[in-house]
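User: Please take a close look at one strand and its surroundings. I want its partners, its cover and how it fits into the whole assembly.

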Amino acid sequence: MIEEKDARKLSDAILKRCKGNPAEVTLLFNDAALTRFANNIIHQNVAERDGEVTLRFFIGKQIGTASTNRTDEAGLDELVNRAKANAKTSPEDPNYPGLPEPEAYQHVAAWDQRTAEFSPEKRARAVGAVCQIAVEKGLNASGAFSTGSLKLVVANTEGVFTYHTQTNADFQTVVMSNDSSGRAQESAWKVDELAVEALGREAIETAQRGHNPVKIDPGEYTVIFEHYVTEDLISSLNIYGMGAQALQEGRSWMNDRLGEQLMSPLVSIWDDGTDVHGSPLPFDFEGVPKQRVDIVKKGVVMGPVYDRYSGAKMGKLSTGHATPIKLRGYGPLALNLFMAPGDVTVEEMIASTEKGLYINRFWYTRLVHPRDCVITGMTRDGVFMIENGEVAYPVKNLRYTMPYVQALANVEAVGKASHLLVGEYGGLCARVPALKIKGFNFTGSTV
Amino acid sequence: MRALDLAQLHGAQYADVRVVNNRIESISVKDGIVEELSSSETEGVGVRVLVNGAWGFASSRNLTNAEIDHITTQALDIAHASGLVSGEKVDLGPKVTSQGTYQTPVKIDPFHVSLEDKLALLLQADAEMGKVQGVRTRRANATVIKEHKHFANTDGAFTEQTIFETGGGIQATAVGGSEVQVRTYPNAFVRQQVTGGWEAMLSWDLPGNGQRVSSEAVALLTADPCPSNITTSLILGGTQLALQVHESCGHPTELDRVYGSEAAYAGTSFLTPEKLGTFHYGSPVVNLTADSIRPLGLGTFGWDDEGVPAQSSPLVQEGLFVGYLMSRETAAKLGRFSNGCMRASGWNRIPIIRMVNVSLEPGTWKFDDLITDTDDGIYMESNRSWSIDDKRNNFQFGTEIGYEIKHGKMGRLLRNCTYTGITPEFWNSCDAVCNADHWVMWGTPNCGKGQPPQIAHTGHGAAPARFRNVKVGVLK
């Protein structure tokens, strides 16, 4: 992995090759490992080391991009030649606002040496402990325990040089019987913050309570969502409309609603790349410092996140939310989301519910219509009927089709505890609590 | 070979190594402005080892001897760690000793077409879309890929492959009031993709379809909504049916899912082994095949990433479930031989079971006759949303466009079309499949599976087909 002084040398070497043309280079080096298990044994166990170098080359407002994972002299020459050729071919982009100038950014602690050096043997033993408990209970554990580190540099010919180091760890498990399942997950940048065995027991307990599930009629129900569901709610709202480009294209749930009380006053959502309680990243992929952005404040729609391109189009400054070049077509995105916790526990939410459903997680959720972020998906790994303030019996998985905007308008209570989760493709992370929501619409059930 | 020798010296019963160089060129145009013009080239090596019946894998971008030694040793250490939580020892079945080279047949090498020519095509398509009033956003893109791969294993296999892919498409988005409508061509999500050269892109004639795509997007803004919560006959167009096949036929036949390997992420399957040879997956007109040999298929190659030769095998014959997508290890559990479905998304990933080309075989109907034969129904085309449960039973799909069918004629335009079902009930309701004249090899270049995640490119041949008594209109 690359140290800061070597990263500066490398980025300087690339920018120097651009011979006076404006240019921006991004270096992303990662060292990652993952131990995967199924049927109570480790069946896949992998490690990778990679380094991606991406160059944006400018000839006025003509922009060409090239990337490589070679860092030898010939590789860098070839990279610059390709980027230059791409720029020469590309017509001008009249909307391009130019490269940012250097700005001070907050250096945040996100590196843990123990996590960076966490061995395959340590991962295996932690996994083995969970599998052993599952075996003793007659259940089948599967999951993944990953640890890794990355180093990110964004530099440009205007003098920007930003450097960030980060470790990450994630444990997730699905435990199954022949007719039930449970799941638990947690992410952290310090591996010692993951209570792996406790997560395993959480999934095991859900699976044990789920035997003999009953098929119920779809319809509207009051629901209590574990934080795993909340993560899906706000990640979907993010992908389908928290970025300024979605707003500009008319396909965001925020369109025509800025300043409106669209959601429950209990709902506040913000993005903050400098908060160490998330998976911090203090600058974006243009090297612009991240700002804390209120997306929804006490139910009022505050506004989107911006990068320089979308900001320039709307007369706004970048909020530091440019995505990596290969995702730039999606526009800016919030990568470090938080939802404000509340003041009730999940147990208190259940106790306050006469009839409803207690749901562990959602699965395979997809956009049906963008206006109110209508999403369809399935429940998975633990659904339980609540009657008279108690968990009464397990229920077969249900399909829902529901506007997520409406769901967050219907929030009746927010959980006290919040948990950090990194999304299934990494990069997007959220720290979220449990929720109680009325009137959630289920449209079908599985066999 | 260095990695294989080192692995065996340190006690590996089996090892394989892949060295992969991957080149991609990508151009996207939005509203007449170039949004992206980029090229990437990456390379690396991945070593997989089996030690005392447990797997280890390590990979690196660095191809020096020292690094290869390092990652081989790392893979062995990882395999030893796997052995701490192991069960039945892995059995790979008969040895695989394939030798040879393969290259995707191309007429026009897509990397020999100038960037200027590629861009000119997209700008022309964009201009055509822009001739229609009322479109909010226009997109056009082209992507070309060249993967050069060497594979060797300790059984004695050594193969070299060069796979070309060409992909692209156009999309028009119209916005009016609270409605947002999208039309794409040739395939959903702005991209049809095939193994082949630039001749494929030229055959799609993006400029020639630009005005139609825009006009349809605008027309959908004021079209009638799909009838809600009714049960009717449904005819699915080829591109939508390709995705239906992908989600409800391809994935449940992945044998690793059946054996629980994907339980923590992608899920399992309702097609459990006792159903093989006895379960009526679909009606007698339903025939599904897995192959890696058909022209243009994104799953077409010379050998899979275990060195198993490309081949064709049935999954469903006249409705009866008869086969799985397999690896050496999973096939051995079933007492069969691998049918070559192990694919890794790159040098830094292990091969896992992926779809190759999973296709619905053509039937006997002409499309016009199928419409004429349908008294009351809906025709839907071009996917807009898709969702299915973790065992691949309950699904819900949405399409960009639909047309009501009344008394054998296509009638009014319908927007926000959705339909839902349970996989085997749905396929058993299939009573007609169009013939080979209407059969096209479609591409799905964005299939996600595995931990860490891998994106696979899969092929799906399909012709329009009719399904009876399907629940449609589930927007709420």
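Analyst: Strand 2 (residues 41-59) of chain A pairs with strand 3 (residues 62-68) of chain A through 7 bridges, and the two run antiparallel. This is a predicted model. Phe57(A) sits opposite Gly64(A) of strand 3 of chain A. The hairpin between these two strands has 2 residues in its turn. There, Gly60(A) adopts a positive phi near 60 degrees.

Strand 2 of chain A has another antiparallel partner. Strand 1 (residues 23-38) of chain A joins it over 16 bridges. In that pairing, Asn30(A) faces Asp50(A) of strand 2 of chain A. This hairpin also leaves 2 residues between its strands. Asn39(A) takes a positive phi near 55 degrees there.

A further partner comes from chain B. Strand 2 of chain A and strand 3 of chain B are linked by 4 bridges and run parallel. Two facing pairs can be named. Glu48(A) stands opposite Ser59(B). Val46(A) stands opposite Phe57(B). Both Ser59(B) and Phe57(B) belong to strand 3 of chain B.

How many residues of strand 2 of chain A are buried? The count is 17 of 19, and the strand is mostly covered.

Next, helix 2 (residues 73-89) of chain A. Strand 2 and strand 3 of chain A help to cover its buried residues. Helix 1 (4-17) of chain A is also part of that cover. From the other chain, the cover includes strand 2 and helix 3 of chain B. The buried residues of helix 2 of chain A are Leu76(A), Leu79(A), Val80(A), Arg82(A), Ala83(A), Lys84(A), Asn86(A) and Ala87(A). Charged side chains are thus on the list too: Arg82(A) and Lys84(A). The length of this helix can be checked. At 1.5 Å a residue, its 17 residues should span 24 Å, and the end C-alpha atoms lie 25 Å apart, which agrees.

Now the contact between the chains. Chain A brings 73 residues to it, and chain B brings 65. On the chain B side, several elements supply at least two residues each. Among them are strand 2 (33-51), strand 3 (54-60), helix 2 (65-82) and helix 3 (115-130) of chain B. Strand 17 (376-388), strand 18 (394-406) and strand 20 (417-422) of chain B are also included. Strand 2 of chain B gives the most, with 12 residues. By class, the chain B side holds 25 nonpolar, 29 polar and 11 charged residues.

Within chain A, the domain assignment gives domain 1 (4-123 + 146-169) and domain 2 (213-447). Their centres, taken over C-alpha atoms, are 29 Å apart. Domain 1 of chain A puts 23 residues into the contact, and domain 2 of chain A puts in 18. Strand 2 of chain A reappears here. Along with strand 1, strand 4 (140-156) and strand 5 (161-176) of chain A, it supplies at least two residues of the domain 1 side. That side has 10 nonpolar, 10 polar and 3 charged residues.

Chain B is assigned domain 1 (2-222) and domain 2 (225-472). Between the centres of these domains, over C-alpha atoms, the separation is 21 Å. Their contact draws 42 residues from domain 1 of chain B and 36 from domain 2 of chain B. On the domain 1 side, strand 6 (residues 158-176) of chain B has the largest share, 5 residues. The same side divides into 17 nonpolar, 18 polar and 7 charged residues.

Last, the nonpolar packing. The largest core counts 242 residues. Val47(B), Val49(B) and Ala465(B) have the most contacts inside it. Strand 17 (residues 429-445) of chain A contributes the largest share of this core, 8 residues. Beyond four places in sequence, Ala465(B) contacts Leu236(B), Leu241(B), Leu360(B), Cys430(B), Ala432(B), Val433(B) and Cys434(B). Another core of 32 residues lies apart from the largest one, and Leu27(A), Leu79(A), Leu150(A) and Ile325(A) are among its members.

Strand 17 of chain A also has a pairing of its own. It meets strand 16 of chain A in the antiparallel sense over 8 bridges. Val411(A) stands opposite Ile437(A) of strand 17 of chain A. Why is strand 16 (residues 411-422) of chain A largely enclosed by the rest of the structure? Because 9 of its 12 residues are buried.

How values were computed. Residues are numbered from 1 along each chain as its sequence is written. Chains are lettered from A and ligands numbered from 1 in the order in which they are written. This is a predicted model: local features need pLDDT of at least 70, side-chain atom pairs count only at pLDDT 80 or more; totals for chains, interfaces and linings use all residues. Domain bounds come from an automatic or database domain assignment. Two residues are in contact if their C-beta atoms, placed from the backbone, lie within 7 Å. A nonpolar core is a set of buried Ala, Val, Leu, Ile, Met, Phe, Trp, Tyr and Cys residues joined through C-beta atoms within 7 Å. A residue is buried if 20 or more other C-beta atoms lie within 10 Å of its own, exposed if 12 or fewer, and partly exposed in between; C-beta atoms are placed from the backbone. Two strands pair if DSSP finds at least two bridges between them. The expected span of a helix is 1.5 Å times one less than its number of residues.
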